[in-house]
Structure formats: structure tokens, C-alpha cells
Amino acid sequence: MIHVIIPVFNRLHYTINCISSLKQQNFRDFRIIVVDDGSTDGTYSHIRNNFPDVEVLRGDGNLWWTGATNLAVDHILEKNVPDDDFILTLNNDLIVKPDYFEKLLEVYNDNKPCLVGSISVDINNPEFVEYCGLRWNKYTALYKPNAKPSDTLSKLQETTKAIPSDLLWGRGVLIPVPVIKKIGMFDQKEFPHYMADEDFSARANKAGYKSFISTFAVVYNHIQLTGLNGVHKKKGFSYWKDMFFSKKSGINLANRFKWAKKHGRIPVLYFAFDISRIVFSELKKIVLHTS
């Protein structure tokens, strides 16, 4: 069985679309657990009333992604599920096609035991590959995407059905239950929102589990909703403040420093490379936008 975990905070209409797409799956041995972390838009009651087979857990608004995911994982493991079960982390702003579970399981069965991530595309431009895994340098903090800018979804699918990845994002990751039993939960203390997914895959890799991206297990992503996208119209002081200090930012300085200490081979040097590269990239965007 696949236990699907979807942490949510408001945005009910996206949650409805996500659940509806899951219910169209060809592979039927699954259950959905939504963790409603303090929504104020009626998420809890709507799901309870309209999707009675979906289990809903409640948070107080302070769980964030990692705490919400851990709440559901703990709930699943309390039931003593068998070791051939899986946990799938998914975001509510994603939709999938009916063969999604099948494609994840195909790659798992070809490479087991392992973790299998999804290829992410723009829901408004499905040939645009937002993410298909990456290679990561533990010394220089260089993240190199597996896909080149010219790679479309069709092109990647013509080439291979599975791509090795050094780290995995949490937007559609199939995790065998024994992995969690061996390495533990997501790191809620150090990474309450961002980077807990990558940290988990890095720890799994250290424990001997490889990570792959299935090019046919596609999640259709509302890219404009991710992180701070759409929050700031201008890149003024508030933008830079939120980018470096907000929990909603993947570039949060505290998170990057904790990551450097935990996974960088030379932590101080790693952190310096990491932040320098981020600042340079942001400044480059500003220059290109104004030129």
C-alpha cells in the first residue's frame, strides 16, 4: 500500500484538485492522509464531508511542512504497517495523471531498495521541466540540474525512464517504510519547512539507499505558488529580508548554515560558497531584468 501524505494550509481548491487526480489512479492500493495545519478556509470540514475516505489530521498552524509530514508518518507507523508499504510525500498544489503511482513503482522495482522522486513540470507549460533531480557537490555547494535548459519532458522521456539524483525534493517522493524505520523521521528541529526533504534523501543515501527520478511519474506544479513566488512585486528591502530570513524561503540563511554544518565536507567553506552563489544569482537576475 502507498500512504499519501499531503500537508496543507488553506488553498482548498488546490487540495480538491490534487485529491481528485489521485482518485483517478490505476493503482488502487493507496490511502490519502491530509494534514490540515490550521487552515481558515474550511479545508478540514470540506474534506471530511466530501472525501470521507480521506483521513484528515489537524495541526495548530505551527507544524509547517516538516512537522505536518512527521505527524502523518508517525500516525502511519503507529498502525504497524508492513515493510512492503510506501509513504509518498506530496504537495497540495500538484496534480498527477492516472498512471502516476504505476510509474513510481516501476522505477522502484527496477532499482530497489531506493527512493523514487517525481519529475516536476509547469502545469501551464507541461513540456517545461522545472525539476528532474540534480547533482550536488559537498565541498562547493554547487547544485547542477540533471536537465539542460533545452530538455523538454518529451525529450527526457525518449531518453530514459529513471535518472539518478543526489538529492530529492519532497514534491512526490516514494519512500519505502523500512527507510524511515532505519534513518528516522524528517528533521523537524533543524529544517522546519525547507530542506527537510533534501536532508532526508541525503541521510538515506548515507544509509545505502540510492535516489532516482522517474521521468514518467510527472507532477504538474503551480510554479507561481512555490515559496515566495508572487509575494514580492519589487525586489526591495522586504524582498531581501524575506529571502534570507523567512521560513517560506528556500534560501533562509539559518537553514543553509545548518545544512552546511550537517552535510558540507568543510562547513564554513561550503556555507561561504553557497551564499555567494545565491547572492550572485539574484543580482544577475536583477541586472538582466533591468537591462
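Biologist: What separates arginine 203 and aspartate 199 along helix 7?

Modeller: In this predicted model, arginine 203 and aspartate 199 are four residues apart in helix 7, which means that about one helical turn separates them.

Biologist: What makes the contact between arginine 203 and aspartate 199 a salt bridge?

Modeller: The side-chain N to O distance for arginine 203 and aspartate 199 is 3.1 Å, and the definition asks for a lysine or arginine nitrogen within 4 Å of a carboxyl oxygen of Asp or Glu, so the pair qualifies as a salt bridge.

Biologist: Why are arginine 203 and aspartate 199 called buried?

Modeller: Buried means under 20% relative accessible area. Arginine 203 has 16% and therefore counts as buried, while aspartate 199, with 0%, is buried by that cut-off as well.

Biologist: How do you know that helix 7 is mostly covered?

Modeller: Nine of the 11 residues of helix 7 are buried, among them Ala196, Glu198, Phe200 and Ala204. Just after helix 7, glycine 208 takes a positive phi of about 105°.

Biologist: Where is phenylalanine 186, and why is phenylalanine 186 called buried?

Modeller: Phenylalanine 186 is found in the loop between helix 6 (177-183) and helix 7 (196-206), and because its relative accessibility is 6%, set against a cut-off of under 20%, phenylalanine 186 counts as buried.

Biologist: Which residues is phenylalanine 186 in contact with, leaving aside its neighbours within four places in sequence?

Modeller: The contacts of phenylalanine 186 include Trp65, Thr66, Thr69 and Asn70, and also Ala196, Asp197, Phe200 and Arg203. Phenylalanine 186 and leucine 77, which are 109 residues apart in sequence, have C-alpha atoms 14 Å apart in space.

Biologist: What makes lysine 258 and glutamate 190 a salt bridge?

Modeller: The closest N and O atoms of lysine 258 and glutamate 190 are 4.0 Å apart, and with the limit set at within 4 Å, the pair is counted as a salt bridge. This pair links distant parts of the chain, with lysine 258 in helix 9 (residues 253-263) and glutamate 190 in the loop between helix 6 and helix 7, 68 residues apart.

Biologist: Why are lysine 258 and glutamate 190 called partly exposed?

Modeller: Partly exposed lies between under 20% and over 50% relative accessible area. Lysine 258 has 27% and so falls in that range, and glutamate 190, at 27%, is likewise partly exposed.

Biologist: How many salt bridges does the structure hold, and which residues are joined into one network?

Modeller: The structure holds 16 salt bridges. Another of them brings together the side chains of aspartate 242 and lysine 241, at 3.6 Å from N to O, and lysine 241 counts as partly exposed because its relative accessibility is 39%. Salt bridges that share partners join Lys103, Glu106, Asp110 and Lys161 into one network.

Biologist: Why is tyrosine 239 called buried?

Modeller: Tyrosine 239 lies in helix 8 (residues 237-245), and its relative accessible area of 12% is set against the cut-off of under 20%, so tyrosine 239 is buried.

Biologist: How do you know that cysteine 114 is in no disulfide?

Modeller: The structure holds zero disulfides. For cysteine 114, the nearest cysteine sulfur is that of cysteine 132, 16 Å away, whereas a disulfide requires sulfur atoms within 2.5 Å, so cysteine 114 is in none. Cysteine 114 is nonetheless buried, because its relative accessible area is 0%.

Biologist: Which residues touch the most other members of the largest nonpolar core?

Modeller: Of the 47 residues in the largest nonpolar core, those touching the most other members are Leu115, Ile119, Cys132, Ile175, Val179, Phe200 and Trp259. Helix 3 (residues 64-77) gives the most to this core, with five residues, and apart from it lies another core of 31 residues, including Ile19 and Tyr108.

Biologist: Which residues make the nonpolar surface patch, and why is tyrosine 139 called partly exposed?

Modeller: Tyr139, Ile266, Leu269 and Phe273 make a nonpolar surface patch of about 360 Å². Tyrosine 139 is in the loop between strand 8 (134-136) and strand 9 (143-145), and because its relative accessibility is 44%, tyrosine 139 counts as partly exposed.

Note on methods. Residues numbered from 1 in each chain as written. Predicted model: local features only at pLDDT ≥ 70, side-chain atom pairs only at ≥ 80, totals over all residues. Heavy atoms only, no water. Buried < 20%, exposed > 50% of the residue type's maximum accessible area, 1.4 Å probe, protein only. Core = buried A, V, L, I, M, F, W, Y, C linked by side-chain atoms within 4.5 Å. Helix = DSSP H or I, 4+ residues; strand = E, 2+ residues; numbered from the N terminus. Patch = residues over 30% accessible without salt bridge, like charges linked within 9 Å, V, L, I, M, F, W, Y side chains within 5 Å. Areas by Shrake-Rupley, 256 points an atom, 1.4 Å probe, with all protein chains shown as cover. Contact = heavy atoms within 4.5 Å.
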